[in-house]
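Biologist: Please look closely at the cis peptide bonds, and then follow the chain outward from there. Give the cut-offs as you go.

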Amino acid sequence: MKIAIVGFGAAAIGLLEKLKESSHEIHVFEKSKDVYSSSISGIRADGKLFVSTEMGGDIFIDPMLQKKLVDYYINFTDNKLVETGKSFGNHHYYKLFYEKGFLPISSDFYHIGTDQLKEVLFNIYNDFSSHPNIHFHFNYEVIDIDEEKNGAKINGDGLFDIAIITVGRSGHKLVNRMMSKFPKLVLDNTRVDMGIRFELPNHVVDEINKEMYEFKVKYRSKTGYMVRTFCNNPSGFVVTENYGDFLTVNGHAKMLEKSNNTNFAILTSLKFTEPFNDPIGYGSYIAKLSNLLAGEDKVILQTYSHFKESRRTKNLYRVLPTLDPKSFILGDVNLVFPRRIIESIIDFVENLDKVIPGVANNDNLVYAPEIKFYSNRLNNKSMQHIKFAGDCSGATRSIIYATAHGYLIGEAILTNQFSNAEL
Ligand SMILES: Cc1cc2nc3c(=O)[nH]c(=O)nc-3n(C[C@H](O)[C@H](O)[C@H](O)COP(=O)(O)OP(=O)(O)OC[C@H]3O[C@@H](n4cnc5c(N)ncnc54)[C@H](O)[C@@H]3O)c2cc1C
């Protein structure tokens with residue numbers, strides 16, 4: 001078969017790994033200039049790999065397959081160096097959080113680090129390139145895909161027997177186009193997670209960082225919203241994330257360079273009800289509003305006490321930001337988020353302080369906006385020759401789940417189950 005894969009990210013890696021030894025002719029279309037390009041693939045930043053059935057996506061991925069894929073990535077680092085641990089393997093911590101109303105999320109994790117990820121991606125690319133049936137086309141943005149009677153056409157040209165779209169979140173333009181052409185594709189679009197990136201000195205969270213590196217907990221706040229931690233970065237750095245027409249915050253950690261602070265996201269989960277069906281629009285407007293207040297290319301930074309009291313921060317005290325000073329303005333996040341989100345976050349931090357004293361210190365730092373968009377959940381059964389894999393399908397939200405999704409679709413191709421695959 002002649003197969004098109006659109007995008008070269010985690011899901012494409014899973015697909016290619018499964019198909020590389022086959023006799024299928026595979027063409028990979030990637031919009032980035034080359035494999036060194038900083039925009040290529042979501043596996044460019046941080047590289048925390050999780051084995052968990054409680055997070056990472058909305059499909060079941062066998063933990064054995066997850067671990068196999070974790071080992072696959074680690075094997076492509078030059079020196080096989082990773083930080084590793086278990087979240088809530090220790091029952092003492094599980095009970096401590098549970099007692100205060102938190103729902104602890106269990107997982108095993110392996111942290112490769114931003115610095116090593118580049119070589120991992122490059123080594124994987126080299127491996128695939130050595131297979132004569134795999135052809136890479138960089139600098140090739142796919143704008144449109146048509147389903148024909150006997151295959152799929154890419155950009156109105158060249159017919160492929162099947163096409164797998166693995167464009168991640170950054171491929172939303174192509175996915176939106178496909179959704180408006182084929183409305184039956186859309187199963188669900190109601191969620192967005194919005195909140196802040198929180199930063200505090202390492203010593204406040206030292207014990208928990210040593211115990212599990214990544215602590216993930218959920219909490220039903222007094223407002224009724226579910227609030228959760230996400231992406232904990234011991235000795236990490238806060239960075240901005242550019243979505244093209246707006247800027248948000250994010251965090252990451254490196255294997256070698258370390259800071260004195262830990263950062264993690266605190267996110268409230270918003271689920272809208274009918275007739276509203278544009279959570280991405282809602283999140284984008286809030287991000288743009290915060291950018292309007294902060295000024296171009298900046299996010300808002302505030303101390304936790306001022307965040308609670310709704311006062312603009314003018315000076316910082318003991319905790320110094322790891323975000324580049326050119327990228328933030330001291331301000332008031334209350335001018336951006338609706339009250340229910342702010343109250344949910346405060347309720348979360350005050351209760352977390354009962355488990356980890358010092359989390360609610362006045363001078364800890366709040367950055368905004370941090371937003372996690374959920375791709376629309378797409379119906380992979382609605383088309384015969386075209387399927388979506390990874391984050392753009394709405395079924396996954398992590399490197400390992402996206403890779404596994406691609407891998408399983410690859411398996412369906414090898415067993416002639418592609419057209420009926422429910423994945
Ligand atoms: C800053 C950041 C940090 C993250 N850290 C982690 C982490 O530590 N651990 C974790 O598990 N997950 C992390 N994630 C999430 C993770 O990166 C994604 O879940 C995962 O990469 C999804 O894989 P994917 O293949 O679906 O998409 P991606 O890996 O994003 O790959 C999509 C590819 O498609 C290309 N593309 C897009 N549109 C087109 C088009 N029209 N034509 C051609 N090519 C196109 C893109 O350039 C990209 O290379 C992070 C995400 C971000 C943004």
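Modeller: Pro369 sits in strand β21, residues 365-373. Helices (H or I, at least four residues) and strands (E, at least two) are DSSP runs, numbered from the N terminus. Residues are numbered from 1 along each chain as its sequence is written. The model is predicted: local features need pLDDT of at least 70 and side-chain atom pairs count only at pLDDT 80 or more, while totals for chains, interfaces and linings use all residues.

The peptide bond between Ala368 and Pro369 is cis, with omega about 5 degrees. A cis bond also leads from Glu274 to Pro275, where omega is near 10 degrees. Pro275 is placed in the loop between β18 and α7 (279-294), whereas Pro369 belongs to a strand.

Going back along the chain from β21, the loop that links α9 to β21 holds Asn361. Asn361 is partly exposed because it has 18 C-beta neighbours inside 10 Å; a residue is buried with 20 or more other C-beta atoms within 10 Å of its own, exposed with 12 or fewer, and partly exposed in between, the C-beta atoms being placed from the backbone. Leaving out residues up to four places away in sequence, Asn361 touches Leu200 and Tyr304, where contact means that the C-beta atoms, placed from the backbone, lie within 7 Å. From Asn361 to Leu292 the separation is 69 residues in sequence and 28 Å in space, C-alpha to C-alpha.

On the other side of that loop is helix α9, residues 339-355. Its 17 residues should span 24 Å at 1.5 Å a residue, and the end C-alpha atoms are 25 Å apart, which agrees. The expected span is 1.5 Å times one less than the number of residues. The buried residues of α9 are Ile341, Ile342, Ser344, Ile345, Phe348, Val349, Asn351 and Leu352. An α-helix has 3.6 residues a turn, so residues three or four places apart point the same way. The cover over the buried residues of α9 includes the strands β13 (191-201), β14 (217-220), β15 (226-233) and β18 (261-271), together with helix α8 (304-309).

Two of the loops hold a residue other than glycine with a positive phi. Ser235 has phi of about 50 degrees and is not a glycine; it is in the loop between β15 and β16 (237-242). Ser235 counts as partly exposed because 16 other C-beta atoms lie within 10 Å. For Asp297, phi is near 60 degrees, again positive in a non-glycine residue, and the loop is the one between α7 and β19 (299-303). Asp297 is exposed, since 12 other C-beta atoms lie within 10 Å. Asn155 likewise has a positive phi, of about 50 degrees, in the turn of the hairpin that β9 and β10 form with two residues between them. In that hairpin, strand β9 (residues 151-154) runs antiparallel to strand β10 (residues 157-160) over three bridges, and Lys153 faces Leu159. Strands count as paired if DSSP finds at least two bridges between them.

Toward the N terminus the pairing is parallel: β1 (residues 2-6) and β2 (residues 25-29) share five bridges, with Ala4 bridged to His27. The path from β1 through α1 to β2 is a right-handed β-α-β crossover, meaning that it runs clockwise from the first strand over the helix to the second when the strands point away from the viewer. β2 also runs parallel to β7 (residues 134-137), joined by four bridges, among them one from Phe29 to His137.

The ligand has 38 residues around it, and Gly7, Gly9, Gly42, Gly168 and Gly390 come nearest. The elements giving two or more residues to this shell are α1 (10-19) and α10 (399-414). A residue belongs to the shell if its C-beta atom, placed from the backbone, lies within 6 Å of the molecule. The shell has 16 nonpolar, 14 polar and eight charged residues; Ala, Val, Leu, Ile, Met, Phe, Trp, Tyr, Cys and Pro count as nonpolar, Asp, Glu, Lys and Arg as charged, and the others, Gly among them, as polar.

Conventions: Two residues are in contact if their C-beta atoms, placed from the backbone, lie within 7 Å.
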